Structures are given as structure tokens and as C-alpha cells.
Amino acid sequence: MRAILDCDVQRVWDTVTDLEHYQWRRDITGIEAANDGQFREYTKDGFATDFTVTAWEPCRRWAFDLENPNLKGRWVGTFTAQGDRTELEFTEEVVPKRSLPRPLVKIFLKRQQRRYLADLKKALGC
């Protein structure tokens, strides 16, 4: 997913990476963060996904491995300042753990990414 937001990169970075203030996201009900670069997100139906941070370059790059009972993979977010705007690129690579059809997984991830971006734009007001 790629997008350009009319907000400065520091504000976008702070919003995306703040694990305590996640309420702007309509897809999750909670995040439990550990001090060792790991966190767990809970969906509205109580489904948990575990994350392990693999890269942290403030205002540039955030990456992590992810895993839940249905899939595992990695996510990489790049943040590029363009004056007062920010170019985002989020890449997600996942492998189903169960015999889920790949096209179904791809459709689900695309829908999640669109929802995430819409929520982020709304939270930032840009």
C-alpha cells in the first residue's frame, strides 16, 4: 500500500507507532506492549496477533514479524518526508498456516490496509 498524506512525517510516525493510543483504529480493541520490542493486538472479536519489532528507524522505517493461529509473516512500513507531506509505503508478506486460499488472504489483507489508511487519515485530519 502506498499513500501520500498532507501531514508532516513526525506526526504520521508518532501516530502509527504509538502503541498506547491506538483508539483511532476501528479494527482493534487493545494492544499489550512488552519492553522487549514485542506487542500483541486484539481484534474486536478477541482474536490476538503477536508482533516482534525487527526494525525501528524513527520517521523512516518500522518493521516487525507477525503471527497468529491463521498466518505468519512480516510487515514493513517506510515513511518518507516530502516537505510538509509524508509518503507511506506499507508492505505485508504473509503465509497462511491453514489451508486458506491465497486469493482470499490477499483480499482480506487489501481490505484491512484500506481500512487502516482511512482510519489513519481520519485520525490525522489530512
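These legends walk you through a few close-up views of a predicted model.

**View 1. The open sheet and its strand order.** Welcome to the sheet: 7 strands build it, and the sheet is open. Going across, the order is S1-S7-S6-S5-S4-S3-S2, with antiparallel pairing. At the edges sit strand S1 (2-5) and strand S2 (28-33), each pairing on one side only. From one strand to the next, the twist averages 20°.

**View 2. Strands S5 and S6 side by side.** Here, strand S5 (residues 61-67) meets strand S6 (residues 71-82). The two pair in the antiparallel sense over 7 bridges. If you look for Glu67, you will find that its bridge partner in S6 is Lys72.

**View 3. Two helices and the sheet.** Helix H1 (residues 9-17) lies across S1, strand S4 (48-57), S5, S6 and strand S7 (85-96). H1 runs at about 160° to S6. Helix H2 (residues 102-124) also packs on the sheet, where H2 touches S1 and S7. The direction of H2 makes about 150° with that of S7.

**View 4. Glu41 and its surroundings.** Let us zoom in on Glu41, a residue of strand S3 (residues 38-43). Is Glu41 buried or exposed? Its relative accessible area is 12%, which is under 20%, so Glu41 counts as buried. The side chains of Glu41 and Arg25 are joined by a polar contact of 2.7 Å. Leaving aside residues up to four places away in sequence, Glu41 touches Arg25, Ile28, Gly30, Ile31, Phe47, Ala48, Thr49 and Phe51.

Notes
Residues numbered from 1 in each chain as written. Predicted model: local features only at pLDDT ≥ 70, side-chain atom pairs only at ≥ 80, totals over all residues. Heavy atoms only, no water. Helix = DSSP H or I, 4+ residues; strand = E, 2+ residues; numbered from the N terminus. Buried < 20%, exposed > 50% of the residue type's maximum accessible area, 1.4 Å probe, protein only. Polar contact = N/O pair within 3.5 Å; in protein donor to acceptor, adjacent residues only side chain to side chain. Contact = heavy atoms within 4.5 Å. Pairing = 2+ DSSP bridges. Axes fitted to C-alpha atoms, helices over the stretch in contact; angles between N-to-C directions.
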